[in-house]
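Please open the structure in your viewer and keep the sequence panel at hand. The tour below proceeds by selections, each followed by what is to be found there.

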Amino acid sequence: MQKTVNILNKRARFDYEILDRYTAGIVLAGSEIKSIRLGKASIAESFCEFQNGELFVVNSNIEEYAFSRNFGHKAKSERKLLLNRRELKSLEKDVQAKGLAIIPLKMFTNEKGIDKLEIGLCRGKKNYDKRESMKERDTKRDIDRLKKMY
């Protein structure tokens with residue numbers, strides 16, 4: 001098993017403009033933690049939503065742990081996120097008033113070995129914004145290639 005876990009949502013940076021970032025804890029079962037440590041998790045299609053004043057991550061995929069006994073877990077279930085009450089209230093207000101979305105950006109293990117989820121308060125990009133970011137990425141790649149040659 002890996003000591004450090006770094007699962008990224010690469011699509012989020014392309015599809016969304018990230019306005020603010022938060023680090024949240026996740027409520028997980030034992031078999032879910034073991035699957036994450038093996039790197040068998042994906043947050044590519046996931047998003048966060050509020051239910052009764054609590055924040056949940058929806059559509060995150062954590063594969064079932066092969067060696068668990070009877071008490072396995074569902075691969076795609078809602079998982080509760082742990083944030084301060086002040087952070088939850090400000091996020092809920094921003095989502096309702098401004099029409100923003102909360103998207104998981106990165107799942108990682110901190111120094112103490114606890115799994116965390118970095119979430120971002122995001123605004124969806126338009127097609128012309130996506131083309132702009134692709135153009136910037138291509139020019140940066142070309143510049144780096146030229147620098148490497150000389």
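Buried here means a relative accessible area under 20%, exposed means over 50%, and partly exposed covers what lies in between. Please keep in mind throughout that this is a predicted model.

**First stop: helix H3**

Select residues 85-98, which make up helix H3, and within the helix pick out Asp94 and Lys98, which are four residues apart and therefore separated by about one helical turn. Their side chains meet in a salt bridge, with 3.8 Å from N to O. The two partners are not alike in their surroundings, because Asp94, at a relative accessible area of 15%, is buried, whereas Lys98 counts as exposed at 59% relative accessibility.

**Second stop: strands S4, S5 and S7**

Next, select residues 54-58, strand S5, which is mostly covered, four of its five residues being buried. Add strand S4, residues 47-51, and you will see that S4 and S5 run antiparallel and are joined by five bridges. Together S4 and S5 form a hairpin with two residues between them, and Asn52, in the turn, has a positive phi of about 55 degrees. To find where the strands face each other, show Gln51, which stands opposite Glu54 in S5.

Now add strand S7, residues 79-82, which runs antiparallel to S5 and is joined to S5 by two bridges. Which residue in S7 is the bridge partner of Phe56? The partner is Lys80.

Keep Lys80 selected and display the side chain of Glu54 as well, since the two side chains meet in a salt bridge of 3.2 Å, N to O. Lys80 lies in strand S7 and Glu54 in strand S5, so this pair ties together parts that are 26 residues apart in sequence. Are the two partners buried or exposed? Lys80 has a relative accessible area of 29% and is therefore partly exposed, and Glu54, at 32%, likewise counts as partly exposed.

**Third stop: from S7 to helix H2**

Move to Arg79 and select Glu32 with it; these residues form a salt bridge in which the closest N and O atoms are 3.0 Å apart. Because Arg79 lies in strand S7 and Glu32 in helix H2, residues 30-37, the pair ties together parts that are 47 residues apart in sequence. Both Arg79 and Glu32 are buried.

How many salt bridges does the structure hold? The count is 12.

**Fourth stop: Arg21**

Select residues 16-26, strand S2, and centre the view on Arg21, which lies in this strand. With a relative accessible area of 42%, Arg21 is partly exposed. If residues up to four places away in sequence are set aside, Arg21 touches Arg13, Leu105, Glu118, Ile119 and Gly120. For Glu118, display the side chain too, as a polar contact of 2.7 Å joins it to the side chain of Arg21. For a sense of scale, draw a line from the C-alpha of Arg21 to that of Ser68: the two residues are 47 residues apart in sequence and 34 Å apart in space.

**Last stop: aromatic rings**

Finally, select Lys106 and Phe108, where Lys106 lies over the face of the Phe108 ring, at 5.5 Å from the ring centre. A search for pairs of aromatic rings, with centres within 6.5 Å of each other, gives a count of zero.

How values were computed
Residues numbered from 1 in each chain as written. Predicted model: local features only at pLDDT ≥ 70, side-chain atom pairs only at ≥ 80, totals over all residues. Heavy atoms only, no water. Phe/Tyr/Trp six-rings, centres within 6.5 Å; stacked < 30°, edge-to-face > 60°. Lys NZ or Arg CZ within 6 Å of the ring centre and 35° of its normal. Buried < 20%, exposed > 50% of the residue type's maximum accessible area, 1.4 Å probe, protein only. Contact = heavy atoms within 4.5 Å. Polar contact = N/O pair within 3.5 Å; in protein donor to acceptor, adjacent residues only side chain to side chain. Pairing = 2+ DSSP bridges. Salt bridge = Lys/Arg side-chain N within 4 Å of Asp/Glu carboxyl O.
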